[in-house]
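Me: I should like to understand how the terms used for a protein structure are justified. May I put some questions about the one shown here?

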Amino acid sequence: MEKVVEESYEITLKPCHGWISSAAFRITLKLLPDNKNFIALLKDKDESYDTLKEDMESLVSLLAPILEEIHSILRFYKLERFKPI
C-alpha cells in the first residue's frame with residue numbers, strides 16, 4: 001500500500017508541493033493501513049471481495065470518461081503542466 005501511494009504522489013502531487021507539503025506527506029505515509037485493513041474498510045460487513053472488486057471496476061469505468069474530458073480541457077487551454085503558485 002505504501003509503495004503504491006508513494007508512487008502516485010511522486011507522479012501527481014509532488015511536482016506542485018514545496019518542501020513543507022512533501023514533509024507532511026512523508027509523515028502521513030506512515031499512517032496508511034495495510035492492504036487487508038484497507039479493503040475491510042471499503043467493503044460492507046457481508047460483502048465479498050469479488051463484489052467489492054466489481055463495484056470498484058464499475059466506478060472506474062464511470063469516472064474514466066469524465067477524467068478524459070478534464071484532461072482534454074486542460075490540453076485545449078495548454079494547462080496540462082500548470083503548477084499552482
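Me: Which residues of helix H2 (residues 19-29) are buried?

Reply: In this predicted model, the buried residues of H2 are Ser22, Phe25 and Leu29.

Me: What puts them on the same side of H2?

Reply: They cover an arc of only 55° around the axis, and therefore they lie on the same side of H2. As a general rule, an α-helix has 3.6 residues a turn, so residues three or four places apart point the same way.

Me: Which exposed residues does the face turned away from the buried side of H2 carry, and what helps to cover the buried residues?

Reply: The face turned away carries the exposed residues Ile20 and Ile27. Helix H1 (2-12) is included in what covers the buried residues of H2.

Me: Why is Ser22 called buried?

Reply: Buried means under 20% relative accessible area. Ser22, which is found in helix H2, has a relative accessibility of 15%, and it therefore counts as buried. Leaving aside neighbours within four places in sequence, Ser22 is in contact with Tyr9, Lys14 and His17.

Me: What makes the pair Lys30 and Glu2 a salt bridge?

Reply: The term requires a side-chain nitrogen of Lys or Arg within 4 Å of a carboxyl oxygen of Asp or Glu. For Lys30 and Glu2 the N to O distance is 3.5 Å, so the pair is a salt bridge. The pair links distant parts of the chain: Lys30 is in the loop between H2 and helix H3 (35-42), Glu2 is in helix H1, and the two are 28 residues apart. In general, side chains of opposite charge can pair when their charged atoms come close.

Me: Why is Lys30 called exposed, and Glu2 partly exposed?

Reply: Exposed means over 50% relative accessible area, and partly exposed lies between that and the 20% limit for buried. Lys30 has 61% relative accessibility, so it counts as exposed. Glu2 has 35%, so it counts as partly exposed.

Me: How do you know that Lys14 and Glu10 form a salt bridge?

Reply: Their N to O distance is 3.6 Å, and the limit is 4 Å; the pair therefore meets the definition. Lys14, at 32% relative accessibility, counts as partly exposed, and Glu10, at 33%, counts as partly exposed as well.

Me: What makes Arg75 and Glu68 a salt bridge?

Reply: The closest N and O atoms of Arg75 and Glu68 are 2.8 Å apart, which is within 4 Å, so the term applies. Elsewhere, salt bridges that share partners join Glu6, Glu10, Lys14 and Arg26 into one network. By this rule the count comes to five salt bridges.

Me: Why are Arg75 and Glu68 called partly exposed?

Reply: Arg75 has a relative accessible area of 42%, which lies between 20% and 50%, so the residue is partly exposed. Glu68, also at 42% relative accessibility, is partly exposed by the same reasoning.

Me: Which residues make the nonpolar surface patch, and how do you know that Ile70 is exposed enough to belong to it?

Reply: Leu59, Leu63, Ile66, Leu67 and Ile70 make a nonpolar patch of about 460 Å². A patch residue needs over 30% relative accessible area; Ile70, placed in helix H4 (residues 49-76), has 42%, and so it passes that cut-off.

Me: How do you know that the chain differs from a compact globule in its radius of gyration?

Reply: A compact globule of 85 residues would have a radius near 12 Å, but the chain has 17 Å. The C-alpha atoms fill a box of roughly 45 × 35 × 15 Å along the principal axes. Of the 85 residues, 7% count as buried.

Me: How many helices and strands does the chain have?

Reply: The chain has four helices and zero strands, and its elements run α-α-α-α from the N terminus on.

Me: Why is Lys78 called exposed, and what is its phi?

Reply: Lys78, in the segment after H4, has a relative accessible area of 70%; this is over 50%, so Lys78 is exposed. Its phi is positive, about 55°, although Lys78 is not a glycine.

Terms used:
Residues numbered from 1 in each chain as written. Predicted model: local features only at pLDDT ≥ 70, side-chain atom pairs only at ≥ 80, totals over all residues. Heavy atoms only, no water. Buried < 20%, exposed > 50% of the residue type's maximum accessible area, 1.4 Å probe, protein only. Arc of directions from axis to C-beta. Contact = heavy atoms within 4.5 Å. Patch = residues over 30% accessible without salt bridge, like charges linked within 9 Å, V, L, I, M, F, W, Y side chains within 5 Å. Areas by Shrake-Rupley, 256 points an atom, 1.4 Å probe, with all protein chains shown as cover. Rg over C-alpha atoms; globule rule 2.2 N^0.38 Å.
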